[in-house]
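Me: Please take a close look at one part of this model and say what surrounds it. One connected account will do, with numbers where they exist.

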Amino acid sequence: MKEHSHPSDVTLTWYEVSVAIHLVGLRHTESLRKGMEDKHGYKGRDLQDNFYGMLGEIAFAKATGKYFPMSVNTFKDADIGINWQVRTVGSNNNRDLIVRPNDPDKHKYVLVEIHKTMHPCLYKATIHGWIEGTQAKDKKYLSYFGNPDRPPAYRIPKKDLRPTTWMPI
């Protein structure tokens, strides 16, 4: 019997948002300095998408009590702990977890959704669930997301994620 996910919510403080803004600026300028180009046919909103991604990493670290390493230029290394990859949605139309074919099989992938509230003006994160890398790379999840100009990736819907009530941190 499949466990049902119970999303967990995290509110980010103004100073956690400030850290995200600073780190996103550092990551972005490092990419410019190194002449790095966007990957996977991406043509999005660099800073906004990366800002939401950083908020997701901070929220997951806060929710799990794990150290947030504030890393730059680490790419396929784990975002949190030794094997957690945080995948954040909220700044674009996609709401499913995305795992790419070259992402590490031994990592765990967690879906975090960021919401901006207006009264008071805060960022909130919902942690929807997680999946093992090897399970995420099932051919049933392979998708072009309706865009044949981009390479396929694994698109895992929320209903197929493991619940947040237990995460092997």
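Reply: Helices in this account are DSSP runs of H or I with at least four residues, strands are runs of E with at least two, and both are numbered from the N terminus. On that basis glutamate 30 belongs to helix H1, which spans residues 14-33. The model is a predicted one. H1 is the part examined here, together with what it packs against.

Start with glutamate 30 itself. Its relative accessible area is 15%, and the cut-off for buried is under 20%, so glutamate 30 counts as buried. Apart from neighbours within four places in sequence, glutamate 30 has contacts with Val72 and Asn73.

The loop between H1 and H2 contains glycine 35. Is glycine 35 buried or exposed? Its relative accessibility is 54%, and exposed means over 50%, so glycine 35 is classed as exposed. Between the C-alpha atoms of glycine 35 and arginine 95 there are 30 Å in space, with their positions 60 residues apart in sequence.

Next comes the helix packing. Two packed helices are described by the angle between their axes and the distance between the axes. For H1 and helix H2, residues 46-64, the angle is about 130 degrees and the axes are 9 Å apart. An angle over 145 degrees would count as roughly antiparallel and one of 65 to 115 as roughly perpendicular; H1 and H2 are therefore oblique to each other. The crossing of H1 past H2 is right-handed.

On the H1 side, the residues that meet H2 are Glu16, Val17, Val19, Ala20, Ile21, Leu23, Val24, Arg27 and His28. On the H2 side they are Asp46, Leu47, Asn50, Phe51, Met54, Leu55, Glu57, Ile58 and Lys62. Sorted by class, this contact consists of 11 nonpolar, two polar and five charged residues.

Both helices also feed the largest nonpolar core, which has 26 residues. Leu12, Phe51, Leu55, Phe60 and Tyr123 have the most contacts inside that core. At least two core residues come from each of H1, H2, strand S1 (8-12), strand S2 (84-89), strand S4 (108-118) and strand S5 (121-132). The biggest share is that of H2, which gives eight residues. Phe51 and Leu55 thus appear both in the contact with H1 and among the core residues with the most contacts.

Phenylalanine 60 shows what one of these core residues touches. With neighbours within four places in sequence left out, phenylalanine 60 is in contact with Ile80, Trp84, Val86, Val110, Ile127, Met167 and Ile169. There is also a second, separate core of 11 residues, with Leu97, Tyr141, Tyr154 and Leu161 among them.

Past H2, in the loop between H2 and S2, is methionine 70. Its phi is near 55 degrees, a positive value in a residue other than glycine. Methionine 70 has 40% relative accessibility and counts as partly exposed.

Methods:
Residues numbered from 1 in each chain as written. Predicted model: local features only at pLDDT ≥ 70, side-chain atom pairs only at ≥ 80, totals over all residues. Heavy atoms only, no water. Axes fitted to C-alpha atoms, helices over the stretch in contact; angles between N-to-C directions. Parallel < 35°, antiparallel > 145°, perpendicular 65-115°, else oblique. Left-handed = near helix turned anticlockwise from the far one by under 90°. Contact = heavy atoms within 4.5 Å. Nonpolar A, V, L, I, M, F, W, Y, C, P; charged D, E, K, R; others polar. Core = buried A, V, L, I, M, F, W, Y, C linked by side-chain atoms within 4.5 Å. Buried < 20%, exposed > 50% of the residue type's maximum accessible area, 1.4 Å probe, protein only.
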